[in-house]
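Work through the exercises below with the sequence and the coordinates at hand. Each task is followed by a stepwise solution.

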Amino acid sequence: MDLNAIKNKLAALNNNGNSEREKIDFDKIYWKPGKGKATIRIVPSVYNAADPFTELKLHYNIGKFPMMSLSNYGKQDPIEEFVKELRKTSDKENWSLSGKISPKSRFYAPVVVRGEEEKGVRLWSFGVNIYKALLALAEDEDIGDFTDVMNGWDMVVETTPAAGPGQFASTTVRIKPKQTVLSDDDSQVNSWLKDQPNALESQTQYDYEYIKKKLQEYLNPGEEVTESPATPTESNEVQTEAPTALTKALGSNKTDFSLENATEGNKNTVTKFDDLFN
């Protein structure tokens, strides 16, 4: 019997699904555009030769930091289950809440940053607008496969700081004017094509009960919340409070995840939520 392995498993269980992980230098895994311009090359993915992009769903606003949806791992996720129940009703506030807490897509691409080639392949994380722009470039018959090792295209990523309070920085992508090889060094190319971080594995996976607890705390904003360390993602989303109607529906009980004290108009929804979580 491996006692050290048993101790580690026990510690993971006692830590409510948020086991301590070895400290990771995320600067070695992720590349984040800074102010101004940077030239990058998106490289073919070692995990999917047909598509360099990885789409992951994350929960924003539920806690202080984004959380990975368990559906990324092929598992049931309590927040996604909650959203489905909300959308089975005709209540406008339920639908509004479902939109706010539905997981949002984040996209990841393996890139080499020109001038920082010694850092190897890192992951660039971006939202749907950049993703659409990159797909449009690939669809352009004059560009095509910009990840091609011999005849691909470098890109210029330009980030403009937020113009003022309440606004966000903007990022644009444009293709360089001519095709180039990924590198003249064959050994470097082979290394870049084989040694790449995995977007899914580099994230923290929380368990079902932990995420459910965070959802409960979100719906009961008066509760004191003990936050977890940030997952390695970036987000510009603003934290929001749960709608007043749901807070009223939860009643004065701030510890049990139940809607027993809901108003008369929400009776059907209450029954469904109680069946789901109790």
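**Exercise 1: a loop asparagine**

Which backbone atom lies 3.1 Å from a polar atom of the side chain of N198?

Solution. The atom is the backbone nitrogen of E201. The model is predicted: local features need pLDDT of at least 70, side-chain atom pairs count only at pLDDT 80 or more, and totals for chains, interfaces and linings use all residues. Residues are numbered from 1 along each chain as its sequence is written, and side-chain values use heavy atoms, with hydrogens and water left out.

Next, place N198: the residue is in the loop between α5 (186-194) and α6 (208-219). Helices are DSSP runs of H or I with at least four residues, strands are runs of E with at least two, and both are numbered from the N terminus.

Then list contacts (heavy atoms within 4.5 Å). Beyond neighbours within four places in sequence, N198 touches Y47 and L123.

**Exercise 2: salt bridges of E116**

Find the salt-bridge partners of E116 and state the accessibility of R122.

Solution. A salt bridge needs a side-chain nitrogen of Lys or Arg within 4 Å of a carboxyl oxygen of Asp or Glu. E116 pairs with K119, with the closest N and O atoms 3.8 Å apart. E116 also meets R122, at 2.6 Å from N to O.

R122 counts as buried because its relative accessibility is 4%; buried means under 20% relative accessible area, exposed over 50%, and partly exposed in between (1.4 Å probe, protein chains only). K119, at 45%, is therefore partly exposed.

Conventions
A polar contact is a pair of N or O atoms within 3.5 Å; within protein, one must be able to donate a hydrogen and the other to accept it, and residues adjacent in sequence count only if both atoms are side-chain atoms.
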